[in-house]
Amino acid sequence: MTISILINGAFGKMGQETVKAVEASQAFKLVGKLGKSDVLKTALIDKKPEIVIDFTTPEVVYQNTLTIIEHGAHPIIGTTGLSDEQREKLGNLCKERQLGGIIAPNFSLATLLMIKYVKDCARYFSDVEIIELHHKRKKDAPSGTAIKTAESIAQGRRKEGYASFSKEMISGTRGTKKDNIPIHSVRLPGLLAHEMVIFGGEGETLTFRQDTLSRKAFMPGVLLACRKVLGLKTLIYGLEHIL
Ligand SMILES: NC(=O)c1ccc[n+]([C@@H]2O[C@H](COP(=O)([O-])OP(=O)(O)OC[C@H]3O[C@@H](n4cnc5c(N)ncnc54)[C@H](OP(=O)(O)O)[C@@H]3O)[C@@H](O)[C@H]2O)c1
């Protein structure tokens, strides 16, 4: 039996790649491709998709996810920029309705493995900084992946890292912080999506580096999410939970 999927943000960079991946799979049937001028609610009523994949923008993703849940479709949210509070509200709604959904700040396997391994390393190295690098049109900073990485490190560490002694001569020089972990965001043409996590210890450092070189890297994760979401009863945050 094929699973019906609607893609919101289908004409953006991630949306176009996702359309190709869904169309190439026999397990899924693409029932709708929506852009900015379409009305999500109307499409949900007309097409009745089992799953909606959202790759839109941080400004509209919360309302989109609410609408998807309210119409009983399973949300797979690739768009970044949801706050902790918004995620919690959406999670409660899914729980009430026993509806499975997935919020995945990153669908790439290399990134998911990095997020998993840094948690172990944080047990031994409490001092760490994150550098995330993206193409210059990325709308949010820091990236959803960097926030997820910091959360994973915070879960793994036994104590917090050092308090920086540097006085910022120019505000922002030491980056922003999530769970007291500095995050530095680089935006440049030529980049796609990259992240470094640098742990520092006595006389040594340990560096993880992940590079997404093509948006195709996200597609196995997107399709995995589509296969798994129908069996879930809650909204999960992070694809690592279903790997
Ligand atoms: N989870 C992951 O693995 C992953 C990977 C890469 C990117 N992302 C995230 O995915 C999101 C999309 O990235 P992208 O690179 O594809 O951006 P993009 O190329 O700018 O695509 C976004 C698309 O959404 C459309 N859009 C805007 N508002 C809309 C609405 N209300 N309803 C329907 N469509 C709407 C935009 O239309 P207009 O161009 O007409 O405004 C555009 O076509 C970003 O948040 C990005 O950070 C996630």
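These legends go with a set of close-up views of a predicted model.

**View 1. The whole chain, with seven helices and eleven strands.** Start here to get your bearings. With a radius of gyration of 19 Å, close to the 18 Å that the globule rule gives for 243 residues, the protein is as compact as a globular protein of that length. Along the principal axes, its C-alpha atoms fill a box of roughly 60 × 40 × 30 Å. Of the 243 residues, 52% count as buried. The chain also folds back on itself a good deal in terms of sequence: take the contacts between residues at least 6 apart, and 74% of them join residues at least 24 apart.

**View 2. The outside of the protein, about 12,600 Å² of exposed area.** Carbon and sulfur atoms supply 53% of that area. As for charge, there are 34 positive and 26 negative side chains. The centres of those two sets lie 4 Å apart.

**View 3. Helix α3, residues 61–70, mostly covered.** Eight of the ten residues in α3 are buried. If you want to find them, they are Val61, Tyr62, Asn64, Thr65, Leu66, Thr67, Ile68 and Ile69. What sits over them? The cover includes two helices and three strands by name: α2 (40–47) and α4 (84–97), plus β1 (3–8), β3 (51–54) and β4 (74–77). Just past the end of the helix, look for Gly72, which takes a positive phi of about 75°.

**View 4. Glu23 in helix α1, out on the exposed side of the cut-off.** Glu23 belongs to α1, which runs over residues 13–24. Its relative accessibility is 52%, so it counts as exposed, the cut-off being over 50%. For a sense of scale, pick Ile131 as a partner: the two are 108 residues apart in sequence, and their C-alpha atoms are 35 Å apart in space.

**View 5. Cys94 and Cys226, two cysteines without a disulfide.** How many disulfides does a search of the whole structure find? It finds zero. Why is Cys94 not bonded to Cys226? The closest cysteine sulfur to that of Cys94 is the one in Cys226, and at 15 Å it is too far for a bond; to count as a disulfide, the two sulfur atoms would have to be within 2.5 Å. Seen from the other end, Cys226 is in no disulfide either, and its nearest cysteine sulfur is that of Cys94. Cys94 is buried, at 0% relative accessibility. Cys226 is buried too, with a relative accessible area of 0%.

**View 6. Arg87, a buried arginine in helix α4.** Is Arg87 buried or exposed? Its relative accessible area is 16%, so Arg87 is buried, the limit being under 20%. Which residues does Arg87 touch, leaving out those up to four places away in sequence? They are Leu82, Ile103, Glu151, Leu235 and Tyr237.

**View 7. Ala104, in the loop between β5 and α5.** The loop links β5 (101–103) to α5 (109–122). Ala104 has a relative accessibility of 1% and counts as buried. Setting aside residues up to four places away in sequence, Ala104 touches Ile77, Gly78 and Leu239. Ile77 is 27 residues away from Ala104 along the chain, yet their C-alpha atoms are separated by 6.1 Å.

**View 8. Three spots where the backbone is worth a look, starting with the cis bond at Pro142.** Most residues other than glycine have a negative phi, and most peptide bonds are trans. The peptide bond from Ala141 to Pro142 is cis, with omega near -5°. Pro142 sits in the loop between β6 (127–134) and α6 (144–156).

Next comes Gln98, in the loop between α4 and β5. Gln98 is not a glycine, but its phi is positive, at about 55°. Gln98 is also exposed, with a relative accessible area of 53%.

The last spot is Asp179, another non-glycine residue with a positive phi, here near 50°. You will find Asp179 in the loop between β7 (176–178) and β8 (181–187). With a relative accessible area of 33%, Asp179 is partly exposed.

Key. Residues numbered from 1 in each chain as written. Predicted model: local features only at pLDDT ≥ 70, side-chain atom pairs only at ≥ 80, totals over all residues. Heavy atoms only, no water. Helix = DSSP H or I, 4+ residues; strand = E, 2+ residues; numbered from the N terminus. Rg over C-alpha atoms; globule rule 2.2 N^0.38 Å. Buried < 20%, exposed > 50% of the residue type's maximum accessible area, 1.4 Å probe, protein only. Contact = heavy atoms within 4.5 Å. Areas by Shrake-Rupley, 256 points an atom, 1.4 Å probe, with all protein chains shown as cover. Lys, Arg positive; Asp, Glu negative; His and termini not counted. Charge placed at Lys NZ, Arg CZ, Asp CG, Glu CD.
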